[in-house]
Amino acid sequence: MASGGKASALRIDGTRRETGGASRWSVLGGLTLVTFLLLADDTAVSVAVPTIQTDLGAGFVSISWVVKTYTLAVAAFTLLAGRLADRNGARPIFLLGLAVFVLGSLLGGLAPNAAVLIAARGVQGLGAALVAPAALALIASTFPDRERGVAIGIWSGVSASALGAGPLFGAIITDWVGWPWIFLVNVPLGAGAWLLARFLLPRSTHVRTGGGVDLPGVALSAVALVALVMSLGLFEDGGWASPGFLALLLVSFASALLFIARERRARLPLVDLRLFRSRSLTGANLVTLLSTAVMCSLFFFLALYLQTVAGLSALAAGGALLPLTLSIVVVAPIAGRLTDRFGNRLLIVVGMLALAVALLGLGTLGLRSGGIALAAWLALAGIGIGIARTPTTSGADGSAYGMAAGILNTAQATGLALGIAVMSVILTSFGPNAAFDRTLDAAHHEAFVDGLTAALAVNAGIAAAAALLAAVLLGPRAPRPADR
């Protein structure tokens, strides 16, 4: 800890945390920077995919798993991470996750082939799964009620902006020093962040829950999520008649039912199903899943379009997404303050409707108009994401911060994985997939454009559905006395 002795501890729902010599805003700054690093690295890979495919001589299936493996690992292990944060304290889990992420980054930067790179992405995903719920739990338990909305707003805004800034970050590195440095740059940055966090983060003087870990629950939840996403991948190839698709879908459904049954009778469940008696928590997680699935159409496939079809360089493609990123950065902290004052429902509804309009607007451009029109619709999409993201993230507030944060981050990771898979299904339904191939002819690229336009319309409908769910499931919350 920094010098100066122990500062007075904050008390949140009976939990005391020593803040040491570091202020809670310094803690927020450190957690936010690490989260930015992890999320920016994820979307940075999207603009480098065509180059990675060429350098490693990988096929479409292999290179798609470079993206999918990361999100699957996050989805599979985040619930476990939330449970571990509640059992052992969020600080050690955060530090462990950051170390694992750095290890995966080193492996990815040195990968000689696609198989090693895919494995490295899985290790990175495991590290990110440990970090995300621990970071949110630390924020929620460190800040008092009157400041928590602003703190989560800042963290959420930076997190969301990292998804948009990632392509520009990846483009600069890919063009200047080569794609391996997208991963290798995390090694010194991550190691430095680990040392800083080691002294900066508050220690828990009371751990809320004890006991072991529900390993059968971990296995069942992981199988359900992985089988669901993999089934959609097989659907791309064989459609409804694919035996693999139907078999994996059945495995996913059966595993989900067994998981629910297991959690209802487990002495120390991975997920306390009683949390879902709260309509607000359930609604926040559903909206998080749907909104994250929609965001992939902007951050991943639009970045691919700009390079493979529009013919932009990686750097130019990353720069074209800046209106989206900057809008999120500006709006999300403001949304945090408004969430404290007006509650979740209004902001989520407004944000998701704005995002739906932006997606429809992008679709009407036919993705051929550039300049001001494209920037305007991307800016509106960023405003919508910024408005909606903070109030959905604040749904993690609760008595078991790690578990609630784990559920929320699982919904986010699952939404991202499903969004990419569903978008791929829509794109391939319009013809041969040209998403990762600059060399295919104009007819193939035309099919990609038509598919992406249709996918934007579908995602606009999903965003509108998320707004409707928020309106129905989330109740208006009056400002807390501490906020007035």
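The chain has 16 helices and 3 strands. The model is predicted. Of its 484 residues, 57% count as buried. Contacts between residues at least 6 apart in sequence are mostly long-range: 83% of them join residues at least 24 apart.

**Largest pocket**
- The largest pocket holds about 620 Å³ of space.
- Its lining is made up of 21 residues. Leu 79, Leu 225, Phe 259, Phe 276 and Thr 410 lie nearest the centre.
- Four helices each give two or more residues to this lining: helix 8 (215-238), helix 9 (243-265), helix 10 (279-308) and helix 15 (401-428).
- Helix 15 gives the most, with 5 residues.
- By class, the lining has 15 nonpolar and 6 polar residues. Charged residues are absent from the lining.

**Helix 9**
- Helix 9 has 23 residues. From first C-alpha to last, helix 9 reaches 34 Å, close to the 33 Å expected at 1.5 Å a residue.
- The buried residues of helix 9 are Phe 245, Ser 252, Ser 255, Phe 259 and Glu 263.
- Phe 259 appears in two lists: it is buried in helix 9, and it is among the residues nearest the centre of the largest pocket.
- An α-helix has 3.6 residues a turn, so residues three or four places apart point the same way.

**Helix 4**
- Helix 4 covers residues 114-142, a run of 29 residues.
- At 1.5 Å a residue, helix 4 should span 42 Å; the end C-alpha atoms are 41 Å apart, so the expected and modelled spans agree.
- Helix 4 is mostly covered, with 23 of its 29 residues buried.
- Asn 113 caps the N-terminal end of helix 4. A side-chain oxygen of Asn 113 lies 3.2 Å from the backbone nitrogen of Ala 115.

**Thr 428, in helix 15**
- Thr 428 is found in helix 15, a helix spanning residues 401-428.
- Is Thr 428 buried or exposed? Thr 428 falls in between: its relative accessible area is 21%, so it counts as partly exposed, because buried means under 20% and exposed over 50%.
- Which residue, 23 residues apart from Thr 428 along the chain, has its C-alpha atom 7.4 Å from that of Thr 428? The residue is Gly 451.

Note on methods
Residues numbered from 1 in each chain as written. Predicted model: local features only at pLDDT ≥ 70, side-chain atom pairs only at ≥ 80, totals over all residues. Heavy atoms only, no water. 1 Å grid on protein atoms, 1.4 Å probe; cavity = no way out; pocket = protein on both sides within 12 Å on 5 of 7 lines; lining within 4 Å. Points joined across faces, edges and corners; volume = space filled by probe spheres on them. Nonpolar A, V, L, I, M, F, W, Y, C, P; charged D, E, K, R; others polar. Expected span 1.5 Å × (residues − 1). Buried < 20%, exposed > 50% of the residue type's maximum accessible area, 1.4 Å probe, protein only. Polar contact = N/O pair within 3.5 Å; in protein donor to acceptor, adjacent residues only side chain to side chain. Contact = heavy atoms within 4.5 Å.
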